[in-house]
Amino acid sequence: MAGPSPSASSSPSPSSSPRSPRALLRAWWTRRSPAAGAAVMATGVLSVGLHLAEYEVLSQVTLASACVGWLGLAAHFAVGLLRERTGWVAEAGTPGALTSVAATTVLGTRFSALGRQSLAEALLALAALLWPVLLVLVVRHWRRRMPGAVLLSCVATQGLAVLGATLAAAGTAAWLAHTALVLFWLGLVVYAIALAHFDLRQVVEGPGDQWVAGGALAISALAGATLLAADSARLNLWNDDDSGVLRAVTVALLVLDLAWYAVLLVAEVGWPRPRYDVRRWATVFPMGMTAAAALSVATSSAADVPAFETPGEVLLWIAVAVWAVVAAGAVRSAYAADRPAITSTAPR
């Protein structure tokens with residue numbers, strides 16, 4: 001979530017040794033960018049994907065990790081808004097600020113699957129309040145040749161569509177499903193506009209967030225599959241023509257996402273960028289979201305394309321492996337950032 005980063009402590013306290021996990025986390029936290037919310041998005045979507053693949057224990061472990069990260073972001077967001085308004089507005093105008101909306105909707109979707117509908121509704125309300133404010137601030141700073149984070153505008157919009165459709169399916173709120181459908185189509189329009197601002201050179205030069213070009217299509221496909229699954233005899237949302245169009249668009253979006261995945265993967269091999277960057281979490285998220293979208297399209301009775309199930313599971317475990325590599329990089333980065341403090345406080 002957007003907000004200014006607090007200053008790092010000049011010397012470690014006895015309860016927070018420079019080598020302790022607490023100090024490493026603090027070192028990473030104070031040097032994070034607004035896009036660090038992508039770490040919560042990435043972890044949350046892995047929980048969703050593991051749930052769809054029926055690995056429930058792992059799903060709940062990753063959900064707990066995502067919740068811890070989300071609470072930290074929420075606290076930072078609130079402190080920045082209340083105490084450092086100028087810095088908060090500056091960070092809220094960056095594309096990475098929209099990770100706060102996307103992360104909130106991803107967690108809400110997973111909580112809904114656990115039957116925690118009241119909590120999911122509260123998260124939807126919070127995301128819906130944040131979305132227009134942050135979207136306006138971000139769009140005002142758009143320019144030509146932007147990094148992949150520009151496409152987070154689509155991700156945040158489609159995240160609302162996914163959570164709205166999920167809650168509609170869990171209850172009897174047809175209006176929520178229809179609102180989610182509007183957001184689904186709006187998200188595709190936003191994607192097209194944002195893509196026009198995306199610098200295609202980022203495919204071979206980007207530090208990680210170039211993957212959002214595919215991830216935005218993945219969450220759009222997940223939104224389509226969730227809207228299809230929301231229909232029932234109780235709600236009677238879509239007629240045959242509506243369902244047919246929605247199904248065709250959903251499958252097309254997933255195919256386009258897989259094409260982006262292949263292009264981006266080839267670019268990673270051809271132009272390696274092995275150094276850790278916080279924006280690598282924006283690589284994990286699209287990978288996990290592609291897996292979740294494929295599994296959702298494969299298992300949804302309305303979409304019913306079982307051919308995507310095996311690729312979805314394979315891509316899920318690839319995303320888990322990449323998550324582990326990026327998490328290890330984050331720990332190493334925090335440790336390296338804390339080493340000056342170790343040197344400066346060492347006895348002479």
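This is a walk through the model, one selection at a time.

**Before you click**

You're looking at a predicted model, where local features need pLDDT of at least 70, side-chain atom pairs count only at pLDDT 80 or more, and totals for chains, interfaces and linings use all residues. Residues are numbered from 1 along each chain as its sequence is written, and side-chain values use heavy atoms, with hydrogens and water left out.

**Stop 1: the whole chain**

Start with the cartoon view. The chain has 13 helices and 0 strands; here helices (H or I, at least four residues) and strands (E, at least two) are DSSP runs, numbered from the N terminus. Of the 348 residues, 54% count as buried, where buried means under 20% relative accessible area, exposed over 50%, and partly exposed in between (1.4 Å probe, protein chains only). Contact means heavy atoms within 4.5 Å. Among contacts with a separation of 6 or more, 82% come from residues 24 or more positions apart.

**Stop 2: α2 and the loop after it**

Select residues 37–52, which make up helix α2. At 1.5 Å a residue its 16 residues should span 22 Å, and the end C-alpha atoms are 23 Å apart, which agrees. The expected span is 1.5 Å times one less than the number of residues. Helix α2 is mostly covered, with 14 of its 16 residues buried.

Now pick Glu54, in the loop between α2 and α3. Glu54 is not a glycine, yet its phi is positive, about 70°. Is Glu54 buried or exposed? Glu54 counts as exposed, because its relative accessibility is 68%.

**Stop 3: α3**

Move on to residues 56–83, helix α3. Its 28 residues should span 40 Å at 1.5 Å a residue, and the end C-alpha atoms are indeed 40 Å apart. Color the buried positions in α3, including Ser59, Leu63, Cys67, Trp70, His76 and Phe77. While you have a helix on screen, remember that an α-helix has 3.6 residues a turn, so residues three or four places apart point the same way.

**Stop 4: Ala113, then α7**

Ala113 sits in helix α5 (residues 99–113). With a relative accessible area of 40%, Ala113 is partly exposed. Draw a distance from Ala113 to Thr166: they are 53 residues apart along the chain, but their C-alpha atoms are separated by 8.2 Å.

Next, click Arg145 in the loop between α6 (117–139) and α7. Arg145 has a positive phi of about 55° although it is not a glycine, and at 54% relative accessibility it counts as exposed.

Then select α7 itself, residues 152–170. Of its 19 residues, 17 are buried. The expected span for α7 is 27 Å, and its end C-alpha atoms are 27 Å apart, which agrees. Inside α7, zoom in on Thr157, which counts as buried because its relative accessibility is 0%. Which residues does Thr157 contact, leaving aside its neighbours within four places in sequence? They are Trp131, Leu183, Leu186 and Gly187.

**Stop 5: the nonpolar core**

A nonpolar core is a set of buried Ala, Val, Leu, Ile, Met, Phe, Trp, Tyr and Cys residues joined through side-chain atoms within 4.5 Å. The largest one here has 112 residues, and Leu151, Val155, Phe184, Trp281 and Phe285 touch the most other members. Show Phe285 as sticks: not counting residues up to four places away in sequence, Phe285 touches Met41, Ala42, Val45, Val106, Val155 and Ile219.

**Stop 6: α11 against α12**

Finish with residues 240–270 (α11) and 281–299 (α12). The two helices pack at an angle of about 145°, with their axes 11 Å apart. Axes are lines fitted to C-alpha atoms, for helices over the stretch in contact, and angles run from 0 to 180 degrees between N-to-C directions.

To see the contact, show Thr250, Leu254, Asp257, Leu258 and Tyr261 in α11, which meet Met287, Thr290, Ala293, Ala294 and Val297 in α12. By class, this contact has 7 nonpolar, 2 polar and 1 charged residues. For these classes, Ala, Val, Leu, Ile, Met, Phe, Trp, Tyr, Cys and Pro count as nonpolar, Asp, Glu, Lys and Arg as charged, and the others, Gly among them, as polar.

Last pick: Met287 in α12. Met287 is buried, with a relative accessible area of 5%. Beyond residues up to four places away in sequence, Met287 touches Trp211, Tyr261, Leu315, Ala319 and Val322. The C-alpha atoms of Met287 and Trp211 are separated by 8.2 Å, with their positions 76 residues apart along the chain.
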